[in-house]
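Work through the exercises below with the coordinates open. Each task is followed by a solution in steps.

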Amino acid sequence: MSNNLFKKSLSALKALLTRKVHMECDRIPFEFEQVPLRKILNWIFVETACVFRPERPWGFPTHLQIEPTNLCNLRCALCYVTKGLSRAQGHMDLDLFKKLIDEIGDYVFLILFWGWGEPFLNPSAYDMIACANRRGIKIVSSTNGHIFAEDDHAEKLVQSGLDALIFAVDGISQETYKQYRKQGDLAKVIKGLKKVASARDRLQSTTPMINLRFIVMKHNEHEIPQLKAFAESLGADIVTLKTLNPHDSLIMTRKTGHEPEFLPQNPKFQRFRLDPISNLPIRRKHNPCKDLWNYSSMNWDGRMVMCCEDYSGKTILGDLKTETFKDVWFGYNYRELRRKFRNDYKALSPCSQCSSAFEGGALGTELIADFHFLNVRKRFGSELKI
């Protein structure tokens with residue numbers, strides 16, 4: 001803890017002196033300059049709280065995950081949308097989004113603009129991004145890419161000011177791609193990515209940074225050697241190879257002596273470290289997750305949940321339609337949850353089964369097994385820290 005706190009102290013001092021803050025999301029760097037003092041101080045208090053983990057946080061969250069919609073146009077094999085979410089479906093209302101940004105936008109650095117659905121099916125998605133962008137908030141989103149092959153969605157995306165876009169492309173041939181991305185059409189995804197890259201160039205914009213995301217699985221790992229050239233030919237800036245989270249199926253299949261259907265053969269791309277005796281994931285004594293102190297998640301209907309892993313919304317901490325964010329974040333439900341997590345995270349669901357609960361699966365630090373920067377320096381300047 002002391003070493004971690006020392007590093008945080010140095011980062012805090014540097015930020016105060018330079019008014020610059022450096023963050024990473026999925027190994028992608030984000031630089032914030034001329035950051036207001038109030039925002040820096042809140043960040044320092046929050047990051048310090050992530051070390052000591054008090055029941056009442058020491059500031060507003062610096063990161064948000066916002067679900068624009070839980071509707072999707074694909075049925076990916078292991079996704080909970082495919083399995084069926086036990087909650088209502090719909091789109092987040094633009095006014096609700098604006099209410100949130102008006103309240104805590106001065107403290108937030110980064111928004112992850114996705115949840116359990118395809119974000120850009122929400123007709124107000126681009127207006128939401130633009131709203132956050134005007135407050136100096138960096139926005140990262142993720143897409144299956146199909147919608148950008150249609151109409152003027154690519155132009156609207158670029159004009160919105162989105163900072164980075166993850167294109168989920170888990171195959172470089174339709175035969176490979178469709179095995180996981182059910183109902184997906186790789187030709188449409190390729191067309192959509194190219195249209196975004198073309199619109200960005202035509203509008204002379206530096207954003208969004210295009211991240212071609214490849215979840216490595218048994219049926220597609222043979223395509224990895226061709227992936228970098230494939231991504232570059234489409235106009236992507238970054239390639240990230242992400243490990244698959246096979247936890248539930250891994251336990252079930254290992255108990256019965258069968259291999260999980262999607263687990264890759266190469267150990268480099270297998271998420272969890274396994275116990276040599278049981279051949280099952282090794283549980284961490286201390287869960288490193290910081291979400292309850294620096295990161296808040298909300299569903300499309302304004303209900304705040306403990307994190308995106310609570311896909312069915314079983315633990316509702318508050319409702320932004322009837323409450324302020326401040327009242328929820330500092331309120332009883334959140335404080336009680338932090339206390340329980342700190343005392344024994346294994347007694348909480350979904351914390352006990354979250355990827356971060358096992359060695360090799362820490363969210364945000366261990367999930368990206370490999371990455372390649374393609375033309376990032378050329379597009380974004382030599383000062384970008386990569």
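The exercises treat a predicted model, and they cover one helix, aromatic rings and charged pairs.

**Exercise 1. Helix length**

Task: Check whether the end-to-end distance of helix α8 (residues 186-202) agrees with the span expected at 1.5 Å a residue.

Solution:
- The expected span is 1.5 Å times one less than the number of residues.
- For the 17 residues of α8 this gives 24 Å.
- The C-alpha atoms at the two ends of α8 are 24 Å apart, which agrees with the expected span.

**Exercise 2. The buried side and the ends of α8**

Task: List the buried residues of α8, and decide how they are placed around the axis.

Solution:
- The buried residues in α8 are L186, V189, G192, L193, V196, A197, A199 and R200.
- Together they cover an arc of only 165 degrees around the axis, so they sit on the same side of α8.
- The general background is that an α-helix has 3.6 residues a turn, so residues three or four places apart point the same way.
- At the N-terminal end, D185 acts as the cap of α8, with a side-chain oxygen 3.0 Å from the backbone nitrogen of A187.
- After α8 comes Q204, which has a positive phi near 55 degrees.

**Exercise 3. Aromatic pairs**

Task: State how many aromatic pairs the whole structure holds, and classify the pair F371 and F373.

Solution:
- The search of the whole structure gives 19 aromatic pairs.
- In the pair of F371 and F373, the centres are 5.3 Å apart and the planes make an angle of 80 degrees.
- Planes over 60 degrees apart count as edge-to-face, and the F371 and F373 pair is therefore edge-to-face.
- F371 has 29% relative accessibility, so F371 counts as partly exposed.
- F373, at 22% relative accessibility, is partly exposed.
- Elsewhere, one aromatic cluster is formed by F97, F113, F120, Y126, F148 and F167.

**Exercise 4. Lysines over rings**

Task: Find the ring over whose face K39 lies, and do likewise for K138.

Solution:
- K39 lies over the face of F109, 4.8 Å from the ring centre.
- K138 lies over the face of F32, 5.7 Å from the ring centre.

**Exercise 5. A salt bridge between two loops**

Task: Count the salt bridges, then locate the partners D106 and R135 in the chain.

Solution:
- The count comes to 19 salt bridges.
- In the salt bridge of D106 with R135, the closest N and O atoms are 2.9 Å apart.
- D106 is in the loop between α4 (94-104) and β4 (110-113), while R135 is in the loop between α5 (125-133) and β5 (138-143).
- The two residues are 29 apart, and the pair links distant parts of the chain.
- D106 is partly exposed at 34% relative accessibility, and R135 is partly exposed at 29%.

**Exercise 6. Two further salt bridges and a network**

Task: Locate the partners R273 and E359, then decide whether D301 is buried or exposed.

Solution:
- R273 and E359 meet through their side chains in a salt bridge of 3.5 Å, N to O.
- R273 lies in the loop between α10 (247-256) and α11 (291-294), and E359 lies in the loop between α13 (332-344) and β12 (368-373), 86 residues apart.
- R273 is partly exposed, with a relative accessible area of 43%, and E359 is partly exposed at 27% relative accessibility.
- R303 and D301 form a salt bridge whose closest N and O atoms are 3.8 Å apart.
- R303 is partly exposed at a relative accessible area of 41%.
- D301 has a relative accessible area of 17%, so D301 is buried.
- Shared partners join the salt bridges of R38, D102, D106 and R135 into one network.

Notes: Residues are numbered from 1 along each chain as its sequence is written. This is a predicted model: local features need pLDDT of at least 70, side-chain atom pairs count only at pLDDT 80 or more; totals for chains, interfaces and linings use all residues. Side-chain values use heavy atoms; hydrogens and water are left out. Helices (H or I, at least four residues) and strands (E, at least two) are DSSP runs, numbered from the N terminus. Buried means under 20% relative accessible area, exposed over 50%, partly exposed in between (1.4 Å probe, protein chains only). The arc is that of the directions from the helix axis to the C-beta atoms. A polar contact is a pair of N or O atoms within 3.5 Å; within protein, one must be able to donate a hydrogen and the other to accept it, and residues adjacent in sequence count only if both atoms are side-chain atoms. Rings of Phe, Tyr and Trp (its six-membered ring) pair if their centres lie within 6.5 Å; planes under 30 degrees apart count as stacked, over 60 as edge-to-face and the rest as tilted. A charge sits over a ring if NZ of Lys or CZ of Arg is within 6 Å of the ring centre and within 35 degrees of the ring normal. A salt bridge is a side-chain nitrogen of Lys or Arg within 4 Å of a carboxyl oxygen of Asp or Glu.
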